[in-house]
Amino acid sequence: MHEIEQHRITVEPYYQPYGNEIEIFTAAYANGLPLLLKGPTGCGKSRFMEYMAWRLQRPLITVSCHDDLTSSDLVGRYLIRGGETFWVDGPLLRAVKAGAICYLDEVVEARKDTMVVIHPLADDRRILPIEKLGQIFEAPPEFALAVSYNPGYQSVLKDLKQSTRQRFVALEFNYLDAELECEIIVRESGLERSAAERLVRFAGMTRNLKGSGLDEGASTRLLVHAAKLMVSGIDATSACSTAIAQALTDDGEMLRAINELSAALF
Amino acid sequence: MRSPLPLQSDEILAILETCFEVEYTFLHCENLAMTIAALKRPQQQLLLDSARRVAATQIQLAYELTCSAVARWEQLTPSLLESWAIHTLDAYDRAGLRAAMALVTDIDFFYRYRRQQQVGVVLGDEQQMLGHFLHALAGRPLAIAASELLWCDSETLYLPPVLMQLESRVENRKLYQAMAVFLWAQTRFGTFMPPLFALPLPLSDAFLALFATMDRLRLEAAIQRELPGQWRALQALSGSNEALSCEWQQLQLQLSEPACDVATVITLCQQHLGDLAPLPAPIYQGTLNIAAVAKVRQQRIERERALFKVQLTQLRESLPAKNQEIASAALANPQGEEADDATLLPDGGDWWVEQLSQQLPEGLKKRISSIKLDFGEIPPEYLTAAGPGEYELVERLEHERSAARVWEGTYHEEGASLYDEWDYRRQEYHKRWCALRELTIEPQYDTFVQETRQQFHHEIAQLRRRFEALRDENRLLRRQNGGEDIDIDALVEAESDRLQGVELSEALYLRHHRHERHIAVLFMVDVSGSTRGWINQLERQALVLMCEALETLGDRYAIYGFSGMTRQRCEIYRVKSFSDAYDATVQGRISALQPKDYTRMGAAIRHLSGLLQETEAHTRILVTLSDGRPDDYGGEYQGIYGIEDTRMALLEARRSGIHPYCITIDEQAQEYLPRLYGDAAYTLISDISQLPYQMGEIYQRLTR
Ligand SMILES: Nc1ncnc2c1ncn2[C@@H]1O[C@H](COP(=O)(O)OP(=O)(O)OP(=O)(O)O)[C@@H](O)[C@H]1O
Ligand SMILES: [Mg+2]
């Protein structure tokens, strides 16, 4: 049962750093400190985790949090099969046992009582007590915990509790400078540079509208999507409309404005 | 089948007299009735219907329209009459009685108008889209206003109110966009830069015309570089296929250089003045009004300078002492020449701005980019400490900006949200029709809340107990197909089933079910004039009771009052937003909630639905507390119109997943509330003194 091996990343993922985040992560990892990645959607948080997991040679276990996620979903539960009861490890426990990196994506989405199970793992005890098993698992030095969080459009209700957030070393992510973002698009999609530059300018324009009709501007992810469509022969305006504009808003006038912007740019 | 007999002239007269309210208006209908009597019955019906329809809005207009229609009966078809009536009403809404009368009395004018309506595009319908578009391009919101003349004063883009010169609506829309982009380009690519204002005035027409052509060529080249798609659209609109003369081609090349700026254009212009005729202007080319631009620019420069200096000074003062030292060390005049020690050297200033640019507040950053648009850089003088004059100006500006001030002066739409309004007669929305402002009530710190608490302490305790029962509860669900734990009872049973050879159940788990209420409720309280006195007091008491009880329940709630007078002045009074705590301020605001004017409900519902929509919750409830039907000053919102708009607003709310509910004390509510809210979604409280008691009960029912 080398199931954990599936979570190893063998090929170097492409990651474009923006600052000293790699050093900070490495230092935090060496010191057994948990990490909080803040930043808008689609700006490279997940990609960064994959890259770090590859670099540190650790398996990466990712859990996407949602509001029905219970603590059993994280640590494990008893199951019955053929009249037999047996225990199944949850992703968090598996990560602890294997000394893997556990990444809880969109952690605010999880219910507050669920988050409490990570507390003892996220401070200097680094333990995972499991009541139902009557056992306490100690995390090996290789284990690391990272969570992500988008402070942008979360309501007050869904803010992270202080007792949670104060356990983490925080890394702030944002969209990269035009040149680097352009580089990402070219690398990820194979689109020619001049078109990629226009996509980045287009993104900049939509980001201007953040808070004035849009909750969020176009993310790097959306740009990569549009670029991929363009490489497959879709014309730029349709690619921007379907991959970007429609993803950003349902408002009719806003859609028109965004579509006109891409028509003007290309 | 034979058509029914024509109406007699006395029958027609009777209809017309009621329709035109002759009793008060003294309009003469006898001749009209006689002419109509000579027509066939269907035609009579048509005329009388349109008369009635228009009269519902404006009687004089209806009268004139009927006279005109009768006089031109030969030229009219039913559909033409129909569209005439609709357009007349439309003109009345948009531009008032005079404009509508012009349509009614002059049929040629109407024909033209109708064509405009068929292919024309109204600025009002494009404004929102253009606003987003320009904001995205410019990185800041740009103002758009209607004017027959196409021009830009460097702050506001003036666009024609209607465009119809092109053959289709689509093309006319494109034209709006092209015009807007052209004007934006003037600001973006530096037409309004100092060299333009350094020219000796007055400028000759010949110079202006030549400058306009040259600068256009420069701007088009810039647009071609930055927005190639838009440039192609401009080309398609410019229409002239004639090749440029050699000289112009030469010039165009020069003007297309990225380095070419307005100073170059002026030089070229001066060189060629007299020996080169300007080119015809394409339809999107705006006119230049340099004097007006200069004035606006001057005002802006003063304003921005003052704001910038004050902000910068404040920022510097807020710096930790250490940084202040570094800053002043760097900024101190190394030569020690200038006596005024507040003067900062430009070089040092740049350094300073750069050092701080990481931490500059957003407002200041924007200001810097705005100043750079005017000067291309931050003039050194701007980095000196703010003086008393500047503080004064800033204070005055702030004063002018405060929302309440705007109300005292002539009303304008700045800072207001615009909402569509439904016109049932036309089955169409009036776009951006109601201007609504959100105001915050000045709290009145008195004993109202305490007194209410005392008076109703019994009821409050009772409500609390009841609400307690509604609170989040955690339940353990047994015999689930999946769950956190094993259900031992189920397992034992399954085991015995298995021994008996019965098929095994799979429902062997326990699941913790967290029942989260996750409700957001917004109370929309009628504070129109009719609630004066007793009703208002009971409304406020009911609010106190609700707050006291809701605090135990933990539901998210907000309270807003609404009132207003005419579509230009709809008002929403914030008592408690979702994020406000129920504290002394909110209590003071409840106490201060006083009756105001009228009830234009549609806009209020649209605005508050928007607020509810922004709030995170599974269930969103909009509770209206009202004393009567929708109504507004001037009668246009009375009766069916107001009810239908309100109904539409509620439909919109429902479509977006909000549950509207109405609590009313209007005895006649049966007549219209079922149509507005549906049978099950309102309560009529016959004894108004029961309001505070019943509110809680209703709420409990609603959210269980
Ligand atoms: N710095 C980067 N280096 C390489 N690729 C990047 C980078 N930033 C973004 N991308 C591209 O954007 C895509 C989305 O990034 P990613 O999935 O990491 O976003 P995220 O921040 O995790 O978003 P979310 O919060 O929505 O989960 C990636 O698949 C990749 O193509
Ligand atoms: Mg992710």
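A salt bridge, as the term is used on this tour, is a side-chain nitrogen of Lys or Arg within 4 Å of a carboxyl oxygen of Asp or Glu. With that in mind, and remembering that the model on your screen is predicted, begin by selecting B:Asp485 together with A:Lys132, whose side chains form such a bridge, with 3.3 Å from N to O. Between chain B and chain A the count of salt bridges is 3, and there are also 12 residue pairs in polar contact, both residues being at pLDDT 80 or more.

**The side of chain B that touches chain A**

Next, colour the elements of chain B that give two or more residues to this side, which are α9 (123-138), α10 (169-188), α13 (228-238), β9 (485-486) and β10 (509-515). Pause on α9(B), because by the count of residues in each element this helix gives the most, with 9 residues. If you then colour the residues on this side of chain B by character, you will find 10 nonpolar, 10 polar and 11 charged.

Now widen the selection to both partners, so that the contact shows 31 residues from chain B and 30 residues from chain A. Together, chain B and chain A bury about 2800 Å² between them, and 59% of that area lies on carbon and sulfur atoms.

**A covered strand in chain B**

Leave the contact and select β12(B), residues 556-564, a strand that is mostly covered, with 9 of its 9 residues buried. Look at one face of β12(B), where B:Arg556, B:Ala558, B:Tyr560, B:Phe562 and B:Gly564 are buried, and then turn to the other, where B:Tyr557, B:Ile559, B:Gly561 and B:Ser563 are buried as well.

Add β11(B), residues 519-526, to the selection, and you will see that this strand pairs with β12(B) in the parallel sense over 7 bridges. To find one place where the two strands face each other, pick B:Met524, which stands opposite B:Tyr560 of β12(B).

**An open sheet in chain B**

For the last stop, select the open sheet of 3 strands in chain B, whose order is β2-β4-β3 and whose pairing is mixed. The strands at the edges are β2 (143-146) and β3 (151-152) of chain B, and each has a single partner strand, so one side of each is left without a neighbour in the sheet. Follow β2(B) to β4(B), residues 156-159, since the two run parallel and are joined by 4 bridges. Finish by selecting B:Ile144, whose bridge partner in β4(B) is B:Leu157.

Definitions and conventions:
Residues are numbered from 1 along each chain as its sequence is written. Chains are lettered from A and ligands numbered from 1 in the order in which they are written. This is a predicted model: local features need pLDDT of at least 70, side-chain atom pairs count only at pLDDT 80 or more; totals for chains, interfaces and linings use all residues. Side-chain values use heavy atoms; hydrogens and water are left out. Contact means heavy atoms within 4.5 Å. Buried area is the accessible area (1.4 Å probe) that two parts lose on being put together, summed over both. A polar contact is a pair of N or O atoms within 3.5 Å; within protein, one must be able to donate a hydrogen and the other to accept it, and residues adjacent in sequence count only if both atoms are side-chain atoms. Ala, Val, Leu, Ile, Met, Phe, Trp, Tyr, Cys and Pro count as nonpolar, Asp, Glu, Lys and Arg as charged, and the others, Gly among them, as polar. Buried means under 20% relative accessible area, exposed over 50%, partly exposed in between (1.4 Å probe, protein chains only). Two strands pair if DSSP finds at least two bridges between them.
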